[in-house]
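Q: I would like a close look at one part of the structure shown below, worked through carefully and with the cut-offs stated.

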Amino acid sequence: MSKSEKKMMRATIPEEEYMFPGTVDCQGCGAAYAMRLALKALGPQTMVVIPACCWSIIAGPFPTSALKMPIYHTAFETAAAVASGLKAGLNIRERDATVLAWAGDGGTFDIGVQALSAAAERDEDIIYVCYDNEAYMNTGIQRSSATPWGAWTTTTPRKHPKDRPKKNMMEIMAAHKIPYVASATVGHPEDFVRKLKKAKEIRGTRFFHVLATCPTGWRSPPELMLELPRLAVETRVFPLYEIENGVYSINRKPKQNIPVAEYLKVQGRFRHLTDQQIQYIQDHVDETWELLLKKEKLGRLF
Amino acid sequence: MSTVKVITGNHAASFGARDSRAEVIAAYPITPQTQIVELLSEFCADGTLKAKFIKVESEHSAMAACIGASAAGARAYTATSAHGLALMHEMLHWAANGRHPVVMANVNRAMGPPWSIWTDQNDSLAQRDTGWLQFYCESNQEVYDTTMIAFKVCEQVLLPGMLVLDAFILSHTYEPVEMPDQELIDEFLPPFDPPYKMDLKDPHAFGALTTPEWYMELRYLIQEAHEKALVKVREVEKEFGETFGRHYGPLELYRCDDAEEVILIAGSTASTTKDAVDIMRKEGRKIGLARIKLFRPFPNKEIRDIASRVNKMIVIDRNISFGNQGIFFNEIKASLYQTKHTPPVYGFVAGLGGRDMKIDDITGIVKQAETCNIEEILWWGVKL
Amino acid sequence: MIQALSGNTAVAYAMKQVNPDVVAVYPITPQTVAMERFADYVADGDVDTELIMADSEHSAMSCCIGASLAGGRVMTSTASAGLALMWEVLYVAASNRCPIVMNVMNRALSAPINIHCDHSDAMGARDSSWIQIHAENVQEAYDNIIQAVRIAEHENVRLPVMTNMDGFTLSHATERLETLDDQQVQKFIGKFKAIYPLLDVDNPVTYGPLDLYDYYFEHKRQQVEAMELAYDVVKRIGQEYGKVTGRSFDMLHPFEMDDAEIAVLALGSTSGTARVAVRAMRQKGVKVGLVKLRVFRPFPKDGLKEMLKGMKAVAVMDRSDSYGAFGGPVFSEVRSALLGEDVEVVNYIYGLGGRDIRQDQVEQVITDMSTVAKTGKVKSYVNYLGVR
Amino acid sequence: MSEVKFRGAHDLPPCSISVTHELTKTGNWRNAKPVFHKERCIQCGICWKVCPNACIKLGEYPEWDMDYCKGCAVCAEECPKDAIEMEDERVMI
Amino acid sequence: MFVEVRWHGRGGQGVVTASELLAGAALAEGKYLQAFPEFGPERMGAPIKAFTRISDGPIEIHSHVYTPDVVVVLDPSLLENPAITEGLSDEGKLIANFSGTPDEVRKITKFMGRIYTVDATRIAMETIGRPIANTCCVGALVKVTGLVALEQAENQIRQMLESKIGKKGTDANIEALRRAYNEVRS
Amino acid sequence: MKEKGWKECLWGGLIVDAGNSVLYKTGDWRSQKPIRDEKKCTDCLQCWIMCPDAAIKVKDGKVVGIDYDYCKGCGICSKVCPFDAIEMKEEGEQ
Amino acid sequence: MVSLKKLSEKEELLAPGHRLCAGCGASIIVRQVLLAAEDPVVIANATGCLEVATTIYPYTAWRVPWIHSAFENAAATIAGVETMYQVKKRKGEITRDIKFLAFGGDGGTYDIGIQALSGALERGHDILYICYNNGAYMNTGIQRSSATPKGASTTTSPAGKVIPGKRRFPKDLTAIVAAHNIPYCGQTSPSFYNDLIGKVQKALSAEGPTFLNIISPCPRGWRHETDQSIAMAEEAVTCCFWPLYEVENGEWRLTGYSKQIAEGKKEKTSVIDWMRKQGRFRHLFTDARKPFLDSIQEEVEREWENLKKRCGY
């Protein structure tokens, strides 16, 4: 293998690092990895707004900071609003930077949905990334509206697991008619980086829904950080797709029909599920997938 | 050349923000504040104010956006009232504790339920622990002037400031307001340039998680900044007076030189009180008025000074702290504690939810204070 | 029954025994464990409660208001920024006279973010017309919740009650405590009596109308009356609770105050540490006493005046600051209550953001107070204890 | 954590901003450490790519920064040639 | 009696559980107690502390423990940390999860009081199958201090763990406790 | 209504007399008045369902008149009437 | 088809004497909704015109239990009430069926209340949330909301020399709510009372959270004569600015007049004609603003096409 070939193989994602090691995330944390990738994709001209979430800890307690860019730590429900203000403040002083709002699922699906919805309506020029670990992991694994049906959390105990489906944030954001909405996972780094690079060139509100493994909350081995999201995509639990100006395109259509059970059984949070319950999840997944295929066919929808 | 316009208190606030060259405005409508943002959005639409107006979806986000803008190094302004202020509560702490000199006009309105849109001071006074500077204005002119004073002081001490005007009585009442030359104002109020901002060349993390190891020191610095702010307010108001010819102070004294009794009050009711004082003076009463303009930082020294010269103090609160007393009353009493000469202090609660305060009410209060017990909450104007 | 429970689990346990109809919460450190444990009780069918996992604290309190006015027993729990976010609706709950009981695990406010204890969250809500009770230890945290239900629902009061306990210091500390039987609790709190419930569709009522200046003042005056009446109710229920459990409660709990010349005033868990310090200083011959301020709203100003009259010096311990004011909130209110007395009152602001308060620090405070008592001179009225 | 040279309140910046990038040496969290088998390595760089904490430096061959590696084993899991093995450190001590 | 115990370990090793275990056992013996962690934002693997106070009478103090009577170290890699012996007087006791002898520990820690070691990780691997040393360390502590009876500690483990990890796991933990009780070296 | 003192008020402004807004007559807001021509009216009730103020009086499925105590004179009834049976006239004009 | 005769036998649950403006769409909507409900209802109301004007102490226009808590939390408040009802029903303390409604204006629904709404939908409470959408903050004096149509002049999106009124297209709340996968939601207009009442009844009989977005003309804010309210709300439908449709268990369906347009049975009118009749769009009718006006027409057209696609046309 020639040297240039080696280089090519390695450079599937940008080489520059903007995140320091030594962050206090758990072993095999998908959220930390997602940030590492995101900053590589967006480059040094980036400012980050972080509401209360695991990342407000991962970024380092006072007086330390894990990123090579400015960070603004803000309240749980305000990521999109602070990002809007920051962008406006920069604009008025004719300074430029990519403003990245970086929030967890609690801060996006629940308590932050209002600020996000409004920013999207105003079409603020920000990139909003929701790293979704499917519960309030920072406070200790409580149910959020991103928690999937049937999952265990500390507020939905095994005897009474979550009985509501996961909120479909992708659809909700698509219905806001913003220029770019995309799903991604930490199991597909190249895909995530590609989408971010594309999003960087677009003006307006851009939304990312990133599935980020949480070994602590999912009760899964840390080394499966990339494997689990890949399984989620292969089993169609979490389809990889983007919606550009209202047009759907699915990035990965698994050829094989892998049952969701394959994805569920690796995670302790689904350990209690009966076959019947798994079938229910399977049906729901199939239905959503079919619907998505249909939407892709219809062309522009928003 | 300065110009004089006859405008409402709300518009005085808008003009104040315009002439202070606010750069980012994020606001949400609420009665009776709406005219402030309406006029500001007109200024932005017709280009007389070079600012970015973010039309947010709630007051909570309004303050959040102001914080973001301030962190970016821009001069941020907003306006709100009552429940809007209440919804911001969490972010008020954030703005002060994050040391962002946002300036906000708050139109004093009563808190619900039952729902009221008329004036009382509970909304702003209940925010007394948030670390915001609070200025209570008496006239539209003062609203206009105080906007730039507030920006100047706040930006020097890195704390946010709230200027407070009464709903309807000021907010919707037309008064002449003199507006100086922009050049003069620019000289008085230079552009905002914070020591730390969100900067790609000098990256920092703002407001990161702070363990007990450091948290208390940062809090201590805020209290210190308030002490500094008290000095700054005196300085800046003096400078303002010298430049523009209008003098205010943390505690405005009216006919207090030889007064034996003094009324303490904040807000526009002070004007009515001045008339009442004139009338009572004519009747031979040696009475004066001390208007509290600055509530945070609290002008301890000024309050103690006036207390040492009179035999009786009457505090009129347009607010009440449930389970205790009127808030001004409480703070003034605390301030006077153990002074050498402490006159009796009477605390009246009056005018809640916009119940009108007329000259008769003031003279009535003064009269009632002759006979009543100082230990109780004294009610004025409530129907029995 | 004697048990070892942490503050959080004791709260969940008390809530289980109260068996409220509706609980609406949102997770926030350090309160989450209580909710997790309570969710277990719900899942196991130990309670009849509907648990609403709301989308924010603002919504959680709004759900509580709706549920309470619908005509049932409602409880919740929060901390810090959560309390701040629901701040607006705290007023709505109080003015609509919803007898909600809310447990607050006191935690510092941002920015910067801090998850540890101080009282700035609760103090910030001191004007909202909520009754505020502070717990010294896990036992009291448990006891307070059960009494709070009675206080809140008392026909003379009908106000929401906030039972405070120190985040982590109590919430995450396991302590020995004595709990009542479920039946005893039920007997003590009695059945919930709905007044003008929304669910009574045959007698429709309107809650929260617009109020012009012709009535607003009267409504507020009326609310003040409830607070005034609450003084008596809090005391009586504290005594009644004592008859059942042997642990009586009052607004103020003096310790060694009979012959004291100087005093320390504290609330929350610090009063325990302070009591140890007082005992130690007593052994050294210092005539010092402790006043534990258990109920902050309504503020027991008359009782305080009675208790502190004639003291030579009093140290007021504040675990929060009112920036720009002269001293912390408790200090300011105590001084205001004492106006006219000649007692040296000195403020110690301590423990912000969870900075630990040690016995020796309180002893130092007492030593300082003795010096003040002796010399009559105060170096500084507002002091920051343990700040670097 | 590295020592920051603040003694007290007056050394601090006026607002709560972070002034250092030095973070916790998380290497001591490890239960198991990655052991590298150079002979199996094809220098594909996947281990570098997938490390959630950017602990792997990419020279000719990967190098682990053991001050920070938490031992999550993602690199070992993802390595296509099984050139990385996890070795339990805990019992060794 | 008024005894203060400080526990050192890492997030995820069950430090807090150990402190609560001891507290629960003390309660069963009619004692007063307090058990609490020094809670930080740290995640799995980060060094943490926990505290237990046991007394015959009510415990009123609510500060951290600064002058412990007993220090227990659950993770041998922490022994070099000077925080281990902070405030521990020479009358105090240090119990370490360590495969070597107390003298080796003395060399590392420079502590001059009484030192006990127990090879808790090995015992845990052999009984529980995972390197979770907390129950072992409680066993060693019970032996060394006699604060509570061994049976009480066993009961407590059963009470706290059985509903969470099932009977088999609980039995293994009790076995670990007993072995550590017997194998602790001084 | 007589103004009540604070002791007589229910808390928080609670109102228990449902629908007592009928005591507040909004008829005097009117500058234009709807006049109904009974002959043209077919009782189709379009005016009734579209009235913002419930001011069209209906009995047994038939329109029996307009409640001028509350009618604010918006004119919607006149506009939606398919049979031109309602005419708006200036107040005072007969 | 709804029989008005039958309906007219029911009690009026919104009493006259309320102080909404003459010609207000909100009270027409509320009357129709309350007439549609067959079981007793309990209502939560967000701050807004409807709340302020119907309950001015000591008067109330409501003959049903009604609560107003704050601006942003009508959905959360009614969720609390509904939950208490479920408890009482389970315990046997209440036996009859009660339905739970929330009313919010567009400001209280699209903007400040969207979070509480989204949360309540996700948790699955058995409630019907109705947004009476007049396209701005009318209560505080016509400020822009995210429901304000493109091109409309409001006091905070004033039409000036440079800016032609609001520049953003309104948020598509019905689609956003539909994305929450609730059993039933839809869009309707009081001018088509058959459609409105039918949808309310469908929503109330569905189990779980339901939502209706109802266009509510505001003579003051839209700047038209008071007698034009019904005509304006009708034309909004016929020009396809406000199509009538419903989403039932994920299936999108056009209804009533809009369905007939899609099927070619009815004529589609011009958006520009509809706008011409309202003062809030007056500034757009100049030569210079023609392209902007055309862009609005285009966008409405495209939205309509997209909707048709979703509905299978």
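How many salt bridges does the rule find across the interface of chain G and chain B?

A: The rule finds zero salt bridges across the interface of chain G and chain B, a salt bridge being a side-chain nitrogen of Lys or Arg within 4 Å of a carboxyl oxygen of Asp or Glu. This is a predicted model, in which local features need pLDDT of at least 70 and side-chain atom pairs count only at pLDDT 80 or more, whereas totals for chains, interfaces and linings use all residues. Residues are numbered from 1 along each chain as its sequence is written, chains are lettered from A and ligands numbered from 1 in the order in which they are written, and side-chain values use heavy atoms, with hydrogens and water left out.

Chain G nevertheless touches chain B, with 21 residues of chain G in contact with 16 residues of chain B, where contact means heavy atoms within 4.5 Å. Between them the two chains bury about 1400 Å², 64% of it from carbon and sulfur atoms; buried area is the accessible area, for a 1.4 Å probe, that two parts lose on being put together, summed over both. On the side of chain G, the residues that lose the most area to chain B are I112(G), T140(G) and T156(G), which together account for 30% of what that side buries. Seven residue pairs, both members at pLDDT 80 or more, are in polar contact between chain G and chain B, a polar contact being a pair of N or O atoms within 3.5 Å, of which, within protein, one must be able to donate a hydrogen and the other to accept it, while residues adjacent in sequence count only if both atoms are side-chain atoms. The touching side of chain G divides into seven nonpolar, 10 polar and four charged residues, with Ala, Val, Leu, Ile, Met, Phe, Trp, Tyr, Cys and Pro counted as nonpolar, Asp, Glu, Lys and Arg as charged, and the others, Gly among them, as polar.

Chain B also meets chain C, and of the 16 pairs of chains that touch, chains B and C have the most contacts. Here 81 residues of chain C are in contact with 80 residues of chain B, and about 7000 Å² is buried between them, 59% of it on carbon and sulfur atoms. Y216(C), F217(C) and Y323(C) supply 13% of the area that chain C buries against chain B, more than any other three residues. There are six salt bridges between chain C and chain B, and R126(C) forms a salt bridge with D129(B) in which the closest N and O atoms are 2.6 Å apart. The rule also finds 43 residue pairs in polar contact across this interface, both at pLDDT 80 or more. Several elements of chain C give two or more residues to the touching side, among them α4 (80-85), α5 (87-95) and β15 (344-350), but the largest share, 11 residues, comes from α9(C); helices (H or I, at least four residues) and strands (E, at least two) are DSSP runs, numbered from the N terminus. By class, this side of chain C has 40 nonpolar, 20 polar and 21 charged residues.

Within chain B itself, a cis peptide bond with omega about 0° joins T31(B) and P32(B), and P32(B) lies in the loop between β2 (24-27) and α2 (34-46) of chain B. Chain C likewise has a cis peptide bond from T29(C) to P30(C), with omega near 0°, and P30(C) is found in the loop between β2 (22-25) and α2 of chain C.
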